[in-house]
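This report looks at how a ligand is held and at how a nonpolar core is put together. The sequence and structure come first, and the description follows.

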Amino acid sequence: MRDMGTIRNIVILTGAGISAESGIDTFRAEGGLWEQHRIEDVATPEAFERDPDLVLRFYDMRRESIQTKEPNAAHLALARLDREWAGELLIVTQNVDDLHERAGAQRVLHMHGEHLNAWCTDCDARSRWTGPLKQRPACPGCGARALRPDVVWFGEMPYGMDKIYSALRTADLFVSIGTSGAVYPAAGFVRDARELGAATLELNLERSQGSGWFDESRLGQASELVPAWVDELLAPR
Ligand code: BV8
């Protein structure tokens, strides 16, 4: 692992595992989201075309649920790092919950969108949205009844790719927290980071599909691993 003292620019990738201890289901665990619903039935543009009510109900249920959850010690530790880290820092999250923001983090990029935004397919406006979409409410911008979840489905272009790759190009350290490494392009960031010269660290409950690409993997609960790692990084040298 690179000497901590030489680290200035950090890119962090988070996945569902960082929100698991807040009570938000992950995707691929026992009884996880993809066990209860087939991806192709609820998380693709084709599914929305075929059965919009099913898809809207799936996202309405999750949008409502995340608003009853609280950030955990891992989100709070990353928010502390965001406040105290003098170098570059970008938290790229695959998660569509708002727990990073509610913990106080600011340098956050939701590459797969956000539950709490609605996207008008008529006027392209995004509006903050906390209620259901199933009754097809009117777009606050143009009035059209053409709102969908502002979430990146399979086959759709993730958000912020230019910003992510430019952060990876200058990263000294890439840290992956709570992700199975199953979904691209996010799962490929560790390889990009390595090729571009960054040190790579994985903090996860178990070995992931990408574990072999990391200089170091620490296994355990995010609420323990992440605060300990942030303490290490911020310790006076
Ligand atoms: C794209 C939003 C073109 C929706 C999501 C064949 C081969 C390779 C790739 C493909 C392929 N066929 C198609 C593709 C591309 C496809 C893809 O990767 N498919 C996979 C299934 C093979 N990707 C796409 O379509 C993407 N778009 O490729 O566009 C492109 C390409 C390049 C550049 C530009 C454009 C779009 C993908 C986005 C899909 N939307 N989410 C929603 O949320 O409903 S993906 C969804 O799964 C999540 O958002 C998340 O991002 C993703 C991965 O899940 P994880 O976050 O990792 O969660 P998971 O449950 O899997 O794992 C949790 C981990 O946490 C576990 O490891 C567990 O051990 C750990 N954990 C659990 N508890 C804890 C913990 N760790 C610590 N502490 C704990 N307490």
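## Polar contacts to the ligand

In this predicted model, a polar backbone atom of Glu156 lies 2.8 Å from a nitrogen atom of the ligand. Val152 likewise places a polar backbone atom 2.8 Å from a ligand nitrogen atom, while an oxygen atom of the ligand is 2.7 Å from a backbone N or O atom of Gly155. Taken alone, the ligand exposes 1,500 Å², of which the protein buries 76%.

## The shell around the ligand

The ligand is surrounded by 34 residues, and those that come nearest are Arg28, Arg62, Gly155, Thr179 and Ser180. Sorted by class, this shell consists of 17 nonpolar, 12 polar and five charged residues.

Domain 1 (1–24 + 71–112 + 158–237) and domain 2 (25–68 + 117–151) each contribute at least three residues to the shell around the ligand. At the level of secondary structure, at least two shell residues come from each of helix H1 (17–20) and helix H5 (52–66).

## The largest nonpolar core

Nonpolar side chains tend to be buried together in soluble globular proteins. The largest nonpolar core here has 28 residues, of which Ile12, Leu78, Ile177, Val226 and Trp229 touch the most other members. At least two residues of this core are supplied by each of strand S1 (10–14), helix H6 (73–84), strand S2 (89–93), strand S7 (173–177), strand S8 (199–204) and helix H10 (222–234). H10 provides the largest share of the core, with six residues.

How values were computed. Residues numbered from 1 in each chain as written. Predicted model: local features only at pLDDT ≥ 70, side-chain atom pairs only at ≥ 80, totals over all residues. Heavy atoms only, no water. Near = heavy atom within 4 Å. Polar contact = N/O pair within 3.5 Å; in protein donor to acceptor, adjacent residues only side chain to side chain. Areas by Shrake-Rupley, 256 points an atom, 1.4 Å probe, with all protein chains shown as cover. Helix = DSSP H or I, 4+ residues; strand = E, 2+ residues; numbered from the N terminus. Nonpolar A, V, L, I, M, F, W, Y, C, P; charged D, E, K, R; others polar. Domains from an automatic or database assignment. Core = buried A, V, L, I, M, F, W, Y, C linked by side-chain atoms within 4.5 Å. Buried < 20%, exposed > 50% of the residue type's maximum accessible area, 1.4 Å probe, protein only.
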